[in-house]
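Here are a few exercises to work through with the model open beside you. Try each task before reading its solution.

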Number of protein chains: 2
Amino acid sequence: MSALEKRILSAVAIILLIGSVFYLFGTQGLFFLGFLLASLCAFEFAGINFSLNGAPKSISLLFLALNLLVLFISARLPNTPMYFLAGSCCIFVTCSLWMLRGACDNDTLYRVINRGLLGFLYVGVFPALALRLMVVTNGLPWFWFLVAIVVVGDIAAYFVGSSLGKHKLMPDVSPNKSWEGAAGALIGALAVSVLFKFWLLSEVPSALVIATGLTASITAQTGDLFESLMKRVANVKDSGRLLPGHGGFLDRLDGILFGAPVVYIAYVYYFETLLA
Amino acid sequence: MSALEKRILSAVAIILLIGSVFYLFGTQGLFFLGFLLASLCAFEFAGINFSLNGAPKSISLLFLALNLLVLFISARLPNTPMYFLAGSCCIFVTCSLWMLRGACDNDTLYRVINRGLLGFLYVGVFPALALRLMVVTNGLPWFWFLVAIVVVGDIAAYFVGSSLGKHKLMPDVSPNKSWEGAAGALIGALAVSVLFKFWLLSEVPSALVIATGLTASITAQTGDLFESLMKRVANVKDSGRLLPGHGGFLDRLDGILFGAPVVYIAYVYYFETLLA
């Protein structure tokens, strides 16, 4: 199977999966699916980041247990309380110091702590914001907006990049990405924004919809690069092996994770500031 | 000046400073002082963590600007919104990728991103929770409780550790700390808890006060070890040089930072669950 076929197949699979779950089980089903996918991303994150010299498997388990808490509470409680996140960080740092002392050098220990705390944000808070869009009042159109920006941007980047791509974007991190592809993703996101302005987000000011679309496209592309960087540092090719031939879940969802905070902030700004 | 004299002098200076600001300017003055100290901690954190090969000075400035936003918003807004933190992380990662691409290797780039996101928690959200205790309804007794646990625990650890200390706690990270000193800090925190139960927190259940005191003492000691680890990895002795001979602000406040989430969670649990 060619790279293009794989890409189309996995895009179709994602759309079919999300669409049918939403059709059959409604918002709650969608939330459950999202929660499951976010947990799989966290699982892959732990696999990539905690396989350091001397770091025991129990660190991954500790991270995953605490991250599940961060993810669930951030996604479910109305005020997204920061102190739960802070508390999880305290527990993680305390346990890491005890579990790893003597077992690895200081540099590795500091890295493990850094990666754990980054993880609570990257595979805890970020997906939680995407999940919140599914359950907050009038949030669902914004969730579809986020998904469309990322999926359409990804496809546009691929086609524009592979036909016109000449100038490398960040060759050390992701050798196949080009400036032309990045511009293609932005144009795709612009098209999605215009579509949503006339469809699901028709009451939202045009400037806000377009600014959100473009900004989320930039951060989603950052998410893609960040994920590549993470894999390069860990020296792995795919984030996971649960989807043979298609990379891992994190490979597919990296854009959604980094786009989510932008769209969520736009959502809150619209409902709490513009409409207040 | 001996280590003991330094320790006593800086403890007295801290107490005099906090006490006189509170006496003269009330809660708002205390908040302002706390905000200033937290910003100085962030400044020291950036100095320690972003002096990596190839990382330009602008990364520190970017971090500090975004962290000021995280700190202020987390400390001031009632619902401590997680999406501001997430948004700052997105901006930091995006800018880091652009500013550092080509300038340093992938490993350094990933470290810079890790440390930035850890920083938003460690010198952004953590101090913000201590600051919030000063301004929320009935929060001030809990703030004094936090300060007392850390200060008394620190003094107790020093005296017990230097007279009875035999068994090293974590020699690779902090060669002078002993299990005896850690036990001393816990006993000090227990004494503080009993005092507060009969004084400022008399209406709070004993079990909650004591559990909070002991847990906060453990995480505060973790904070101390974590700060030592950070300095060791960066190969610096003091976190800053603004207080000659006394280490930096981060050296003095590391316990408060890690104790804050525990005390804040206990505060919220008491007022929103037990009294609700």
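A residue counts as buried under 20% relative accessible area, as exposed over 50%, and as partly exposed in between. Keep in mind that this is a predicted model.

**Exercise 1.** Decide whether Asn114(B) is buried or exposed, and find what surrounds Asn114(B).

*Solution.* Start with the location: Asn114(B) belongs to helix H4 (residues 106-135) of chain B. Next, its relative accessibility is 3%, so Asn114(B) is buried. Then follow the side chain, which reaches the backbone oxygen of Tyr110(B) at 2.8 Å. Finally, leaving out residues up to four places away in sequence, Asn114(B) touches Asn114(A), Arg115(A) and Leu118(A).

**Exercise 2.** Classify Ile91(A) by its relative accessible area.

*Solution.* First place Ile91(A) in helix H3 (residues 82-100) of chain A. The relative accessible area is 42%, so Ile91(A) is partly exposed. As a last step, compare sequence and space: Phe63(A) is 28 residues away in sequence from Ile91(A), with 9.7 Å from C-alpha to C-alpha.

**Exercise 3.** Describe the interface of chain A and chain B.

*Solution.* Begin with the contacts: 53 residues of chain A meet 53 residues of chain B. The buried area is about 4900 Å², and carbon and sulfur atoms give 76% of this area. Of the area that chain A buries against chain B, Met82(A), Tyr83(A) and Tyr110(A) supply 17%, more than any other three residues. Now turn to charge: there are two salt bridges between the chains, including one that joins Arg111(A) and Asp107(B) at 3.1 Å, N to O. To finish, H4(A) provides the largest share of chain A's side, 14 residues.

Terms used. Residues are numbered from 1 along each chain as its sequence is written. Chains are lettered from A and ligands numbered from 1 in the order in which they are written. This is a predicted model: local features need pLDDT of at least 70, side-chain atom pairs count only at pLDDT 80 or more; totals for chains, interfaces and linings use all residues. Side-chain values use heavy atoms; hydrogens and water are left out. Helices (H or I, at least four residues) and strands (E, at least two) are DSSP runs, numbered from the N terminus. Buried means under 20% relative accessible area, exposed over 50%, partly exposed in between (1.4 Å probe, protein chains only). A polar contact is a pair of N or O atoms within 3.5 Å; within protein, one must be able to donate a hydrogen and the other to accept it, and residues adjacent in sequence count only if both atoms are side-chain atoms. Contact means heavy atoms within 4.5 Å. Buried area is the accessible area (1.4 Å probe) that two parts lose on being put together, summed over both. A salt bridge is a side-chain nitrogen of Lys or Arg within 4 Å of a carboxyl oxygen of Asp or Glu.
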